[in-house]
Amino acid sequence: MSRCPDHMVLLHRMHEARRQIQRQLDLIDRQITRRMTALIPQLKPKCAGYRRGRAPEPSAFLERYRSHLAAITAERQPEIDALSRKLVRQDTAIAACCLRNGLPSDQLDPRGSCNRPGLAVRSRSHGERHHG
């Protein structure tokens with residue numbers, strides 16, 4: 001098939017729309033990271049030394065950190081899920097457009113139609129981070 005300029009313009013717009021959604025997800029990730037960074041001093045134990053001969057529990061800080069991270073992430077989870085679904089739909093539409101018009105999707109956008117390596121998308125069930 002011929003590489004009509006209209007198809008290239010459409011594909012460019014689709015990639016740009018996808019980048020916008022990706023930027024929104026990255027922004028949410030940075031906002032969560034910023035909030036957690038601000039909370040770290042509050043999560044540390046109040047007294048630095050030993051109390052009555054006992055050493056401070058090393059895993060207590062990590063448990064408090066994880067519970068606060070889960071709470072903050074849960075606040076934004078509906079937004080993260082909606083944007084993630086939209087990103088998948090856009091990837092599918094870009095791939096379909098490229099296939100339909102005989103265009104190589106990986107050569108048109110330097111990042112390709114998949115997620116950039118640094119994106120952290122949290123799963124709904126566990127609050128884990130997946131890089132992909």
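Reader: What is the relative accessibility of Arg23?
Author: Arg23 falls in the partly exposed class, which lies between buried (under 20% relative accessible area) and exposed (over 50%), with a 1.4 Å probe and protein chains only. The model is predicted, and local features need pLDDT of at least 70, side-chain atom pairs count only at pLDDT 80 or more, while totals for chains, interfaces and linings use all residues. Residues are numbered from 1 along each chain as its sequence is written, and side-chain values use heavy atoms, with hydrogens and water left out. The relative accessibility of Arg23 is 42%.

Reader: Which residues are linked with Arg23 in a network of salt bridges?
Author: A salt bridge here requires a side-chain nitrogen of Lys or Arg within 4 Å of a carboxyl oxygen of Asp or Glu. Arg23 pairs with Glu16, their closest N and O atoms being 3.1 Å apart, and Glu16 also pairs with Arg19, where the closest N and O atoms are 2.8 Å apart. The residues linked with Arg23 in this network are therefore Glu16 and Arg19.

Reader: Why are Glu16 and Arg19 separated by about one helical turn?
Author: An α-helix has 3.6 residues a turn, so residues three or four places apart point the same way. Glu16 is partly exposed at 28% relative accessible area, whereas Arg19 counts as buried at 16%. The two are separated by about one turn because, within helix 1, they are three residues apart.

Reader: How many residues apart are Asp91 and Arg18, the pair that links distant parts of the chain?
Author: Asp91 and Arg18 meet through their side chains in a salt bridge of 2.4 Å, N to O. Asp91 is buried at 17% relative accessible area, and Arg18 counts as buried at 5% relative accessibility. With Asp91 in helix 2 and Arg18 in helix 1, helices (H or I, at least four residues) being DSSP runs numbered from the N terminus, their separation in the chain is 73 residues.

Reader: Which helix gives the most residues to the largest nonpolar core?
Author: A nonpolar core is a set of buried Ala, Val, Leu, Ile, Met, Phe, Trp, Tyr and Cys residues joined through side-chain atoms within 4.5 Å, and the largest one has twelve residues, among them Ile21, Ile28, Leu69, Ile80 and Leu83. The elements giving two or more residues to this core are helix 1 (5–43) and helix 2. With seven residues, the one that gives the most is helix 1.

Reader: With which residues is Ile28 in contact, leaving aside its neighbours within four places in sequence?
Author: Contact is taken as heavy atoms within 4.5 Å, and Ile28 is itself one of the residues of the largest nonpolar core. Once its neighbours within four places are left aside, the residues in contact with Ile28 are Arg76, Glu79, Ile80 and Leu83.

Reader: Where in helix 2 does the kink lie?
Author: The bend at a residue is the angle between axes fitted to the seven residues ending there and the seven starting there. In helix 2 (residues 58–101) a kink of about 55° lies shortly before the proline Pro78, at Arg76.

Reader: Over which residues is the pLDDT below 50?
Author: The pLDDT, the predictor's confidence in each residue from 0 to 100, has a mean of 78 for the protein, and 70% of the residues reach 70 or more. Where pLDDT is low, the predicted coordinates should not be read in detail. A stretch that has 55 contacts in the model beyond near neighbours in sequence has pLDDT below 50, namely residues 107–132.
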